[in-house]
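Please open the structure in the viewer and keep the sequence panel visible. The tour proceeds from the chain as a whole to selected side chains and backbone positions.

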Amino acid sequence: MAALFDPTRHEPLRATAWDEAAARAAIGRIVADTESHWSAERYWPVHPRDLDPGEDPEQVATSLYFGAAGVIWALHHLQDLGAATLTRSYLGELETLRLRNRAWLQAGGSSDFASYLMGDTPILLLAQGHAPTPARADALAALIEGHLDHPARELMWGAPGTLLAALFLHRRTGQARWADLYRRTADRLWSQLEHSGEHDCAYWTQDLYGRRSSYLDAVHGFVATASPLIGGRELLEPAAWAAWQACIERTMQRTATWDGPRASWRAELHTAEGRPPRWLMQFCHGAPGFVVCLAGMPGPGLDALLVAAGEATWAAGPLAKGSNLCHGTGGNGYAFLKLYRRTGDARWLDRARAFAMHGIAQTQAEAAQHGRLRYSLWTGDPGFAIYLWDCVRAGADFPTLDVFDAPRA
């Protein structure tokens, strides 16, 4: 029997009944507190958990992943959904924010301006949605086209992220240029697939952070790339999509590890000799992210595996790292919301809401410890507020992965 997760990374689920009023109140507190901590100079203060050792705690965080772009997106997304009413618009800050984000990347030695989670691309997407211009559309097209051969081959920095941006732009406009860029990116990613003789399946190698990896996960890995391919499959030729579906299903089935009725995936397909595989149970590594990324797959080929991954996520319990989306209780809870949408089984919605109540308590405890909330989309409280709203309305759209433009309430 395999050990699919490390129990020390998790904590017992609090036995708190679902309370919609409490969830709505928590959303209101998060939004109000976030707005109250905005400043034109720093946007929002960086949380200690979002700092690497030795980093300046006074730095300005700007990216979609853990900086101001993500917070602005989250606040306006909540308002568009009808979950909150803001005291001001933050969309007039976007060009200055883009330039400051570029300066941050360059200070770190990076010119990856097309990065979806760290670069210009999501900031331009926000700005183009707010006030579209031909020049901004051309800038987005140039970023996507110039990113086709990025060696990372993963969502955060590489072409899979701009594949997702092309999909969002096509959904927004219906224009053929975005469908063409989507297909060109998908074709290039297909040409870059490698074959594992050990596992008899396809995978990508990521040249990332100074090393070569074979991640499978929902941020840097294979399944993160599968997600926009599944979501945009109507833009592909039927034969191309059939090949992608067979490829994705085979890799997921061949790389899963089962423990009775539960299943998960190690972080990397191939690990260095003598180094054991890492077993994590969070969105960015492990079963929850696989469910989120694969739940839109048509057909029954992955049904049993997705349910088993959901059972593994439930068995592990809430994450001790807090309530956030990337590696916290809220991100894991999205797996249950996805399974509720896919299966219609109410126990998954009940489990998502149980994680929501636990996450509210985690957010309150963290705020008491640090004296403020964690102002970040993927790693903090505004992202968790979106999860709470999805628990209220039984939604299942993972922020900025499944949806960028919310239908306005």
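Begin with the surface representation of this predicted model. The chain exposes about 15400 Å², and carbon and sulfur atoms supply 52% of that area. Of the 409 residues in the chain, 60% are buried.

Now switch to the cartoon. The secondary structure comprises 14 helices and six strands. The radius of gyration is 20 Å, close to the 22 Å given by the globule rule for 409 residues, so the chain is as compact as a globular protein of that length. Along the principal axes, the C-alpha atoms fill a box of roughly 55 × 55 × 45 Å. Among contacts in the chain with a separation of 6 or more, 70% are between residues 24 or more positions apart.

**Charged side chains**

Next, colour the chain by charge. There are 38 positive and 44 negative side chains, and the centres of the two sets lie 1 Å apart. The structure holds 23 salt bridges, and the following selections show several of them.

Select D50 and R374. Their side chains meet in a salt bridge, with an N to O distance of 2.8 Å. Which parts of the chain does this pair tie together? D50 belongs to the loop between helix 1 (20-36) and helix 2 (68-81), whereas R374 belongs to the loop between helix 13 (346-370) and helix 14 (381-393), so the salt bridge joins parts that are 324 residues apart in sequence. Are these two residues buried or exposed? Both D50 and R374 are buried.

Move to R172 and D405, whose side chains form a salt bridge at 2.9 Å, N to O. R172 lies in helix 6 (residues 159-173) and D405 in the segment after helix 14, so this pair ties together parts that are 233 residues apart in sequence. R172 is partly exposed, with a relative accessible area of 27%. D405 is also partly exposed, at 36%.

Then select D207 and R212. The side chains of D207 and R212 meet in a salt bridge at 2.8 Å, N to O. D207 counts as partly exposed at 28% relative accessibility, while R212 counts as exposed at 56%.

To finish with the charges, select E95, R98, R102 and D120 together. A network of salt bridges links these four residues.

**The loop between helix 1 and helix 2**

Return to the loop that holds D50, between helix 1 and helix 2, and select R49, which lies in that loop as well. With a relative accessible area of 40%, R49 is partly exposed. Which residues does R49 touch, not counting those up to four places away in sequence? They are K321, E366 and R374. The last of these, R374, is the salt-bridge partner of D50. Add T379 to the selection: R49 and T379 are 330 residues apart in sequence, yet their C-alpha atoms are 8.8 Å apart in space.

In the same loop, select R42. This residue counts as partly exposed, at 22% relative accessibility. Setting aside residues up to four places away in sequence, R42 touches P57, E58, Q59 and V60. Display T62 as well: the C-alpha atoms of R42 and T62 are separated by 9.0 Å, and the two residues are 20 residues apart along the chain.

**Two backbone positions**

The last stops concern backbone geometry. Most residues other than glycine have a negative phi. Select Y43, which is not a glycine but has a positive phi of about 60°. Y43 is placed in the loop between helix 1 and helix 2. Is Y43 buried or exposed? At 1% relative accessibility, Y43 counts as buried, the cut-off for that class being under 20%.

Finally, select D200. Its phi is near 55°, a positive value in a residue other than glycine. D200 lies in the loop between strand 1 (194-196) and strand 2 (201-203). At 30% relative accessibility, D200 counts as partly exposed, whereas Y43 is buried.

Terms used: Residues are numbered from 1 along each chain as its sequence is written. This is a predicted model: local features need pLDDT of at least 70, side-chain atom pairs count only at pLDDT 80 or more; totals for chains, interfaces and linings use all residues. Side-chain values use heavy atoms; hydrogens and water are left out. Helices (H or I, at least four residues) and strands (E, at least two) are DSSP runs, numbered from the N terminus. The radius of gyration is taken over C-alpha atoms; the globule rule is 2.2 Å times the number of residues to the power 0.38. Buried means under 20% relative accessible area, exposed over 50%, partly exposed in between (1.4 Å probe, protein chains only). Contact means heavy atoms within 4.5 Å. Accessible areas come from the Shrake-Rupley method with a 1.4 Å probe; for residues, only the protein chains shown count as cover. Lys and Arg count as positive and Asp and Glu as negative; His and the chain ends are not counted. The place of a charge is taken as NZ of Lys, CZ of Arg, CG of Asp or CD of Glu.
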